[in-house]
Amino acid sequence: MRRRTITAATALAVLFSSATLSVMTAGSAAAADTSKVVSLKSAGDVVVDGVHQRVYISDPTAGKIVVTDYAGTTVATLTGLLGVNGLELSADSGRVYAAVTGGSRIVAVDTKTYAQSESYALGGLDGVSTLAQAGGKLWFGYSGRIGSLDLSGPEPVVQPSQQSPEAGYGAAAPELGSDSAAPGVLAVGVREGSTVSVYDVSDTGLALRVSRPVAGNLRELDITPDGKEVITASGAPYVHAAFSTTDLSPVVEYRSTSYPVAVDVAPNGAVAGGTDSSYDPDVHVFSHGSPTSVRTFDFPNTGTSSGGDLLVTGALAWAPDSSRLFAVSENSLGVFSLRVLGEPTKSLPTVTVSAPASATRAKALTVTGKITASVAVPVGTKLTVTRTDLEYPKGKALPAVVTKGGGAFSFADTTSAGGNVTYKVAYAGDAAHSAASGSDTVAVSRTAVALTLNNNKKVFAYGQPVAFTATLGATYKNRTVKLVADRAGDGKGKYLLKTGTVNSAGKFSGTLNMYRDSVVYAVYDGDARTAPKTVMVWSGGQAKVVTAISRHYKTGKIGATNYYWIHKTTAPYFHTAINAYPGRKQRMDIQVYYAGAWRDGGSEYFALDSAGRTIVDLGKPGAGSVGAKFRIRSAYVRGVDYSGDTVNSTAYSAWKYLYVTN
């Protein structure tokens with residue numbers, strides 16, 4: 001149906017543009033498969049303009065043609081074309097012709113301006129849908145019939161119903177196939193009965209050469225450049241079958257997979273077959289005459305279904321230089337993508353590399369592997385080898401290896417570096433193969449290093465600056481240590497305290513103010529010969545507990561101890577301040593001096609406010625307490641069941657002494 005070639009008059013332009021492109025993009029992403037979402041409601045046909053490097057996609061539902069560049073980026077949209085479907089590129093690449101059901105017409109689009117340049121009325125014919133060029137005319141399929149549009153004279157000439165392709169009037173438009181290299185042959189396919197007819201095209205019209213049913217549920221067909229074969233995409237059988245255009249006898253079955261829905265033949269004869277396959281490859285590429293695919297492409301799942309995106313029926317087209325294959329896919333959400341399939345005629349090798357799981361540094365190890373491809377790589381093929389390790393993080397080239405029988409290869413290597421060592425084996429590709437590479441990683445041993453950190457399980461006063469000192473033993477090159485802190489309850493997690501080089505004694509210090517309990521780490525990242533190591537210590541930071549007495553009438557010493565003197569009729573207040581933390585409580589302890597010793601008078605927890613403060617009314621002592629001595633203090637007791645958290649280490653205030661008088 002959709003022949004994508006140009007005439008000899010423009011061949012040089014394509015040749016030079018392709019040559020320039022190959023120089024600029026050699027070894028780059030030109031060969032990579034890419035995908036870009038295209039704004040479509042449906043996809044009818046695809047045609048590729050190689051001279052201007054543009055892709056045209058018709059959207060019958062939205063009534064528009066979307067034009068993209070070779071990367072899939074939309075550069076223009078033509079609207080107002082209700083039911084637009086079949087597309088054909090003119091021989092000089094100056095126009096794209098489009099079959100438009102709405103208005104029964106064929107429109108011409110200028111490939112430089114993307115504007116509609118002409119519109120050819122077809123006399124109200126129903127269902128105009130498919131297009132092909134043969135014998136100097138533009139052939140169109142409509143409701144069960146075919147017709148032609150001749151633009152060679154001073155006025156366009158429309159000739160409907162030139163031949164009956166064995167379909168009843170009102171049936172779907174027949175599928176059309178032609179090739180500019182064989183302008184005297186036109187293939188016509190009818191879905192009803194899956195009948196294929198081959199016509200000789202001349203100035204006087206069409207002459208039927210042969211016609212017969214060839215498959216089931218015919219979806220698309222195309223003709224080879226030599227005009228000798230017609231290739232079909234039919235729902236059954238699950239192959240893309242080629243038939244002789246002489247008598248429609250079978251020639252070859254291109255083995256694809258279930259539900260073929262698209263076929264397009266490249267100017268060099270390569271066959272692209274598309275299938276409606278959720279769980280199998282969607283596009284299969286064959287060398288002409290070879291039943292086994294050279295390359296397959298399996299679309300990923302970009303929607304919500306379990307299977308991959310699906311190729312749209314008939315939405316498959318070659319670039320004229322066969323360097324790319326363009327395909328339109330649709331996902332389960334109705335989103336369409338233009339997929340650009342790079343180097344489709346080249347076999348894509350697989351390079352497997354197998355290195356030992358582990359190895360000893362400075363001792364030889366052996367790496368083996370294999371390169372396989374749908375087109376076998378010749379014995380003696382050169383493969384490059386690169387080793388990446390801690391000594392050569394950007395990679396070091398090793399001696400190249402060559403393949404043996406079956407694509408196998410092996411090599412030995414001794415690395416002075418330990419750690420993860422990666423071996424990458426790469427194949428540069430050739431005229432029949434794309435570039436490919438594979439890698440494997442081996443864990444190479446490194447010498448253990450001594451690393452210690454002081455202050456483990458020590459407790460320090462609130463806010464005290466504490467020097468944490470790491471001591472690093474002998475290493476190969478790296479003498480850098482990082483100190484990392486993690487303070488309890490601050491929500492920050494681990495953070496870098498300090499990093500630097502150890503001194504001549506192997507020591508490196510950093511200071512942390514102990515406002516909270518903290519975990520401190522000393523981290524050594526290792527080097528090419530010594531292994532990384534991390535050590536951890538826990539150090540406590542006591543809570544800050546401050547107390548005060550109010551509502552006393554004086555202070556004075558009894559013996560060597562300073563007391564707060566209070567009246568028997570006045571209730572003293574006990575004030576506590578502890579560094580704040582949500583939900584925190586303080587414990588108040590009271591002792592009474594009796595019979596020559598301080599006796600326990602009880603303890604009780606009191607909730608602190610958001611600022612970490614509380615005031616406890618101790619009550620009036622009463623007449624019976626005159627002459628009594630007691631003391632009181634506050635404490636933060638570490639533990640969720642005590643002071644409510646584990647952020648600080650336990651701390652006590654100093655005792656406050658009280659004496660009761662009249």
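Colleague: In the open sheet of 4 strands, what is the strand order?

Modeller: This is a predicted model. The sheet of 4 strands is open, and its pairing is antiparallel. Its edge strands, each pairing on one side only, are β18 (216-223) and β21 (250-254). Neighbouring strands are turned by 25° against each other on average, direction ignored. The order is β18-β19-β20-β21.

Colleague: Which residue of β21 is the bridge partner of Ala241?

Modeller: Strand β20 covers residues 240-244, and 4 bridges join β20 to β21. The two strands run antiparallel. The bridge partner of Ala241 in β21 is Glu253.

Colleague: Which residues of strand β32 lie on the covered face?

Modeller: Strand β32 spans residues 382-388. Its uncovered face holds Lys382, Thr384, Thr386 and Thr388. The covered face holds Leu383, Val385 and Arg387.

Colleague: What residue stands opposite Thr384 in β35?

Modeller: β32 is joined by 5 bridges to strand β33 (residues 396-402), antiparallel, and Lys382 has Val402 of β33 as its bridge partner. Another 5 bridges join β32 to strand β35 (residues 419-427), also antiparallel. Thr384 is on the uncovered face of β32. Opposite Thr384 in β35 stands Ala426.

Colleague: In the open sheet of 3 strands, which are the edge strands?

Modeller: The strand order in this open sheet is β37-β39-β42, with antiparallel pairing. An edge strand here pairs on one side only, which applies to β37 (451-453) and β42 (507-514). The twist averages 20° from one strand to the next. The edge strands are β37 and β42.

Colleague: How many bridges pair β39 with β42?

Modeller: Strand β39 takes in residues 464-472 and pairs with β42 in the antiparallel sense. One of the pairs is Ala467 with its bridge partner Thr511 in β42. The number of bridges between the two strands is 8.

Colleague: Is Ala108 buried or exposed?

Modeller: Ala108 sits in strand β8 (residues 105-110). Leaving aside neighbours within four places in sequence, the residues in contact with Ala108 include Val96, Tyr97, Ala115 and Tyr120. The cut-off for buried is under 20% relative accessible area. Because its relative accessibility is 0%, Ala108 counts as buried.

Colleague: What separates the C-alpha atoms of Ala108 and Thr195?

Modeller: Along the chain, Ala108 and Thr195 are 87 residues apart. Thr195 is not among the residues listed as in contact with Ala108. The C-alpha atoms are separated by 30 Å.

Technical notes
Residues are numbered from 1 along each chain as its sequence is written. This is a predicted model: local features need pLDDT of at least 70, side-chain atom pairs count only at pLDDT 80 or more; totals for chains, interfaces and linings use all residues. Side-chain values use heavy atoms; hydrogens and water are left out. Buried means under 20% relative accessible area, exposed over 50%, partly exposed in between (1.4 Å probe, protein chains only). Two strands pair if DSSP finds at least two bridges between them. Axes are lines fitted to C-alpha atoms, for helices over the stretch in contact, and angles run from 0 to 180 degrees between N-to-C directions. Contact means heavy atoms within 4.5 Å.
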